[in-house]
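Subject: Structure handover and notes

Dear colleague,

I am passing on the structure we spoke about, and I would be glad if you could look through it alongside the notes in this message. The sequence and the coordinates come first, and my reading of them comes after.

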Amino acid sequence: MATINENDLSALLLENTVLRLVEPGIYSVLPGNDSGNEYDTQFGFIYDWVACNPIYNRLIWGYSVQIFPQITNDALRSTTQGNVLDIGCGSLAFTARTYSKFSERPVVLVDQSLKMLRMAKSRLIKQNGKMPGNLVFLHADALQLPFQENTFATILSENLLHCLRDTSILLKQLKTITSKNGKMYFTTLVKNNRLADKYLEALADSGKLVSRAVSDHKEIFERIGFSANYKTTGNILAIYCEK
């Protein structure tokens, strides 16, 4: 059974990174606990209630939310050694049970919203009775990741790419912090010739996310130097790649 503590987490960080304890199981590299985003407001609860609703995702976006625990499980079981990083982990609305059953490798779960991290921690405790010893939460910005080179054997990021104006900023960082032969798993909303494309465009116009097609992601991944496989289900795109 793997474990991760404050010293282990510190060893993964860039030199001179200041690591603060927010509360047991949650650390931060941001300057203050209020350095979050709109998910730290009431919007966070609305998002968790609506966007994480299985019926909403099936009817609007055309996929089953079971895709998220399935991909998470694939990522966690992709190798038996090395650290795991989940970027933009959110509240673990779909994956808390998967994480609560996994103890083989250390996992760092990152989000810019403290509210989401606290909700995620609560879900894990509800599932497990306590925080699993191999999991730790880090309050950090996905576009300014504080990790050393070649740190993670597996990286997972579900539904973050469509929140980023420039995904290449994140992908360039991942190329640095992923170890040799490391594996990466992504999901993101895309246009896919469905009626929901209009809803996706409306959300993009309101500034809630960025609307892209599969071809847009392929162009960016290829430009960064990642060889990837792509699979769409409804309006969700799953991307699998290896360094």
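What follows goes from the chain as a whole to its cores and then to single elements and residues.

Please keep in mind throughout that this is a predicted model. The chain is made up of nine helices and nine strands. Its radius of gyration is 17 Å, close to the 18 Å that the globule rule gives for 243 residues, so the chain is as compact as a globular protein of that length. Along the principal axes, the C-alpha trace spans about 50 × 40 × 35 Å. Of the 243 residues, 52% count as buried, and among the contacts with a separation of 6 or more, 73% are between residues 24 or more positions apart. The accessible surface comes to about 11,400 Å², with 49% of it belonging to carbon and sulfur atoms. As for charge, there are 26 positive and 23 negative side chains, and the centres of the two sets lie 6 Å apart.

Turning to the interior, the largest nonpolar core has 37 residues, and the members that touch the most others are Val108, Leu138, Phe147 and Leu174. Phe147, once its neighbours within four places in sequence are left aside, is in contact with Leu12, Leu13, Leu14, Leu85, Val108, Val110, Leu138, Phe152 and Ile177. Another core, of 36 residues, lies apart from that one and includes Leu156, Tyr185, Leu189 and Leu209. In soluble globular proteins, nonpolar side chains tend to be buried together.

Helix H4 (residues 67-76) deserves a look of its own, since seven of its ten residues are buried, so it is largely enclosed by the rest of the structure. The residues in question are Ile67, Phe68, Pro69, Ile71, Thr72, Ala75 and Leu76. They pack against strand S3 (83-87), helix H5 (96-100), strand S4 (107-111), strand S6 (152-158), S7 and strand S9 (236-242).

Leu124 and Leu135 are best read as a pair. Leu124 sits in helix H6 (residues 114-128) and is buried, with a relative accessible area of 0%, while Leu135 belongs to strand S5 (residues 135-139) and also counts as buried, at 4% relative accessibility. Not counting residues up to four places away in sequence, Leu124 touches Leu92, Ala96, Tyr99, Ser100, Gly129, Lys130, Met131, Pro132, Leu135 and Phe137. On the same basis, Leu135 is in contact with Ile4, Tyr99, Val107, Leu109 and Leu124. Leu135 and Ile4 are 131 residues apart in sequence and 6.5 Å apart in space, taken from C-alpha to C-alpha. By contrast, Leu124 and Asp197 are 73 residues apart in sequence and 34 Å apart in space, again C-alpha to C-alpha.

Ser28, in strand S2 (residues 26-28), is buried with a relative accessible area of 0%. Beyond its neighbours within four places in sequence, Ser28 is in contact with Val18, Leu19, Arg20, Val22, Leu138 and His139. From Ser28 to Phe137 the C-alpha distance is 8.3 Å, although the two are 109 residues apart in sequence.

Phe221 is placed in helix H9 (residues 214-224) and counts as buried, at 1% relative accessibility. Leaving out residues up to four places away in sequence, Phe221 touches Leu161, Leu171, Phe186, Phe226, Ala228, Tyr230, Ile239 and Cys241. Phe221 and Ser168 are 53 residues apart in sequence, with their C-alpha atoms 7.8 Å apart.

Finally, two backbone angles may merit your attention when you inspect the model. Most residues other than glycine have a negative phi. Asn181, which is not a glycine, nevertheless has a positive phi of about 65°; Asn181 lies in strand S7 (residues 178-189) and is partly exposed, with a relative accessible area of 43%. Asn193 has a positive phi as well, near 55°; Asn193 is in the loop between S7 and helix H8 (196-205) and counts as exposed, at 79% relative accessibility.

With best wishes

Definitions and conventions
Residues numbered from 1 in each chain as written. Predicted model: local features only at pLDDT ≥ 70, side-chain atom pairs only at ≥ 80, totals over all residues. Heavy atoms only, no water. Core = buried A, V, L, I, M, F, W, Y, C linked by side-chain atoms within 4.5 Å. Buried < 20%, exposed > 50% of the residue type's maximum accessible area, 1.4 Å probe, protein only. Contact = heavy atoms within 4.5 Å. Helix = DSSP H or I, 4+ residues; strand = E, 2+ residues; numbered from the N terminus. Rg over C-alpha atoms; globule rule 2.2 N^0.38 Å. Areas by Shrake-Rupley, 256 points an atom, 1.4 Å probe, with all protein chains shown as cover. Lys, Arg positive; Asp, Glu negative; His and termini not counted. Charge placed at Lys NZ, Arg CZ, Asp CG, Glu CD.
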